Amino acid sequence: MAGDLQPPAPAFSPVPRTLSNIHPPTPETVREAAGRLRRGELVAFPTETVYGLGADATSDNAVAASFAAKDRPANNPLIVHVAGRAEAARLAAFDARAERLAEAFWPGALTLVLRRRAGCPVSARVSAGLDTLAVRVPAHPLALELLGATGLPLAAPSANPSGAVSPTTARHVADGLGERVAMILDGGPCPLGIESTVLGLTAEPVLLRPGGVTAERIEAIVGPLGRATGRATGPATGPASPGMLESHYAPTLPLRLEATGAGGDEALLAFGPEPPPGAALTLNLSPTGDLEEAAANLFAMLRQADRSGLRAIAVVPIPESGLGLAINDRLRHAAAPGG
Ligand code: TXA
Ligand code: MG
């Protein structure tokens, strides 16, 4: 077109402009990610549960940057991710119960809250004023590769702004944190889709957060679990697992739980073969009623329902057993007012 001020289209495709900081995993991008982490930058990476916002756990500044990027309250401690049990045992004190649990479930979705060892190099900021440390070995090849490449313990909260729905894809991370994260390694959707179980082991075992490893499986190894009361019993004041007290996982639409029907102005999160009719949009967490499938779909479908532009999200009852405990915990937090 004559007089068109647009530059002519290039004859060949130039190097694509970086429209986001999402990178496919290659030896080069993993090396770059490790270098950035060692320099104190933030790198998001997939785990089997959700994407984590990785930071050098031994660096006060990197840990502070993680809290800032998430807008996370300074009293909510982070989980330290390590490459194996030997690395974990250098940071925290393992008793026989912790040994047995690590043997049974690591790498995997179980976080152990243990006493810090003397000389533990992890920044005190990670523990947010507590004298304990939460550690886990993630079961995702890319996470393990990155841990191996950095040689560092990585503090990694879920890679979402504080209070928002956790990310199970690289795109979710970019949508929530954007440029606040230097680099996002894309490992595809997280296979488990729900965060790790957090188990307090500084006294009798306490379930601080239900998650990917079911309470039943843990009880089979250490016996009955106490439930978090929300308050530490020891000299420390403040919550035993501070993260559990907040409104969390909050979509912007109101959430209606235990729904047995749905309105024409609602999005419905269903479970099982016969979802109640009437919803404007129905997303089935698992048509066959499989809790593992439901956990894997939960956060992505919650986001999709939230984007529907409808009035509210209705959720059918989910069985309160196995992974249902973790799913219902997230849904109750998502429905809590005051996010
Ligand atoms: O699956 C997961 O755990 C994911 C992936 C990335 O590993 N991470 C994750 O981190 O969910 P975050 O920060 O979103 O949740 C950590 C939870 C919070 O509820 C926090 O309060 C609790 O763990 N926590 C961390 N350190 C603790 C400690 N020393 N004592 C008690 N609770 C702790
Ligand atoms: Mg989180």
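The residues that line the second largest cavity of this predicted model divide into 7 nonpolar, 4 polar and no charged. The lining is made up of Thr 197, Leu 207, Pro 210, Gly 211, Val 213, Thr 214, Ala 215, Gly 322, Leu 323, Leu 325 and Ala 326, and the space that these residues enclose has a volume of about 40 Å³. When cavities of 30 Å³ or more are counted, the total comes to 2. Such spaces can be found by calculation, because rolling a probe the size of a water molecule over the atoms shows where empty space is left.

Two of the lining residues deserve a closer look, namely Thr 197 and Gly 211. Thr 197 belongs to strand E9, which covers residues 197-200, and Thr 197 counts as buried because its relative accessibility is 0%, where the limit for buried is under 20%. Gly 211, for its part, sits in the loop between E10 and helix H7 (215-222), and with a relative accessible area of 4% Gly 211 is buried too. A polar atom of the side chain of Thr 197 lies 3.1 Å from the backbone nitrogen of Gly 211, a separation that falls within the 3.5 Å used for a polar contact. Gly 211 can also be placed relative to a residue far along the sequence: Gly 211 and Arg 330 are 119 residues apart in sequence, while their C-alpha atoms are 9.3 Å apart in space.

**The surroundings of ligand 1**

Around ligand 1 there are 26 residues, of which Thr 49, Asn 76, His 81, Ser 196 and Arg 209 come nearest. Sorted by the character of their residues, the members of this shell divide into 13 nonpolar, 9 polar and 4 charged. Several polar side-chain atoms lie at short listed distances from oxygen atoms of the ligand, and three of these pairs are set out below.

| Residue with a polar side-chain atom | Partner | Distance |
|---|---|---|
| Asn 76 | oxygen atom of ligand 1 | 2.7 Å |
| Arg 136 | oxygen atom of ligand 1 | 2.9 Å |
| Ser 158 | oxygen atom of ligand 1 | 2.9 Å |

How much of ligand 1 does the protein bury? Taken alone, ligand 1 exposes 680 Å², and the protein buries 98% of that area. The elements that give two or more residues to the shell are strand E4 (79-81), strand E6 (132-136) and strand E10 (206-209), and E6 gives the most, with 3 residues.

**Backbone features in the loops**

Some places in the chain stand out by their backbone geometry, and the general background is that most residues other than glycine have a negative phi, and most peptide bonds are trans. Trp 106 and Pro 107 are joined by a cis peptide bond, with an omega of about -10°, and Pro 107 has its place in the loop between helix H4 (96-105) and strand E5 (110-115).

Asp 71, although not a glycine, has a positive phi of about 60°; the residue lies in the loop between helix H2 (60-70) and E4. Is Asp 71 buried or exposed? Asp 71 counts as exposed because its relative accessible area is 62%, and exposed means over 50%. Glu 258 likewise has a positive phi, of about 55°, without being a glycine, and Glu 258 is found in the loop between strand E12 (255-256) and strand E13 (266-270). With a relative accessible area of 53%, Glu 258 is exposed as well.

**Two further buried residues**

Strand E13 contains Leu 269, and this leucine counts as buried because its relative accessibility is 0%. The C-alpha atoms of Leu 269 and Val 316 are separated by 6.5 Å, although the two residues are 47 residues apart along the chain.

Glu 195 is found in the loop between strand E8 (183-185) and E9. Why does Glu 195 count as buried? The reason is its relative accessibility of 4%, as the limit for buried is under 20%. The side chain of Glu 195 also has a partner, for it makes a polar contact of 2.5 Å with the side chain of Ser 166.

Methods
Residues are numbered from 1 along each chain as its sequence is written. Chains are lettered from A and ligands numbered from 1 in the order in which they are written. This is a predicted model: local features need pLDDT of at least 70, side-chain atom pairs count only at pLDDT 80 or more; totals for chains, interfaces and linings use all residues. Side-chain values use heavy atoms; hydrogens and water are left out. A residue is near a molecule or strand if one of its heavy atoms lies within 4 Å of it. A polar contact is a pair of N or O atoms within 3.5 Å; within protein, one must be able to donate a hydrogen and the other to accept it, and residues adjacent in sequence count only if both atoms are side-chain atoms. Accessible areas come from the Shrake-Rupley method with a 1.4 Å probe; for residues, only the protein chains shown count as cover. Helices (H or I, at least four residues) and strands (E, at least two) are DSSP runs, numbered from the N terminus. Ala, Val, Leu, Ile, Met, Phe, Trp, Tyr, Cys and Pro count as nonpolar, Asp, Glu, Lys and Arg as charged, and the others, Gly among them, as polar. On a 1 Å grid over the protein atoms alone, a cavity is a set of points where a 1.4 Å probe fits but cannot get out, and a pocket is an open set with protein on both sides within 12 Å along at least five of seven lines; lining residues have an atom within 4 Å of a point. Grid points are joined across faces, edges and corners, and a volume is the space filled by probe spheres set on the points. Buried means under 20% relative accessible area, exposed over 50%, partly exposed in between (1.4 Å probe, protein chains only).
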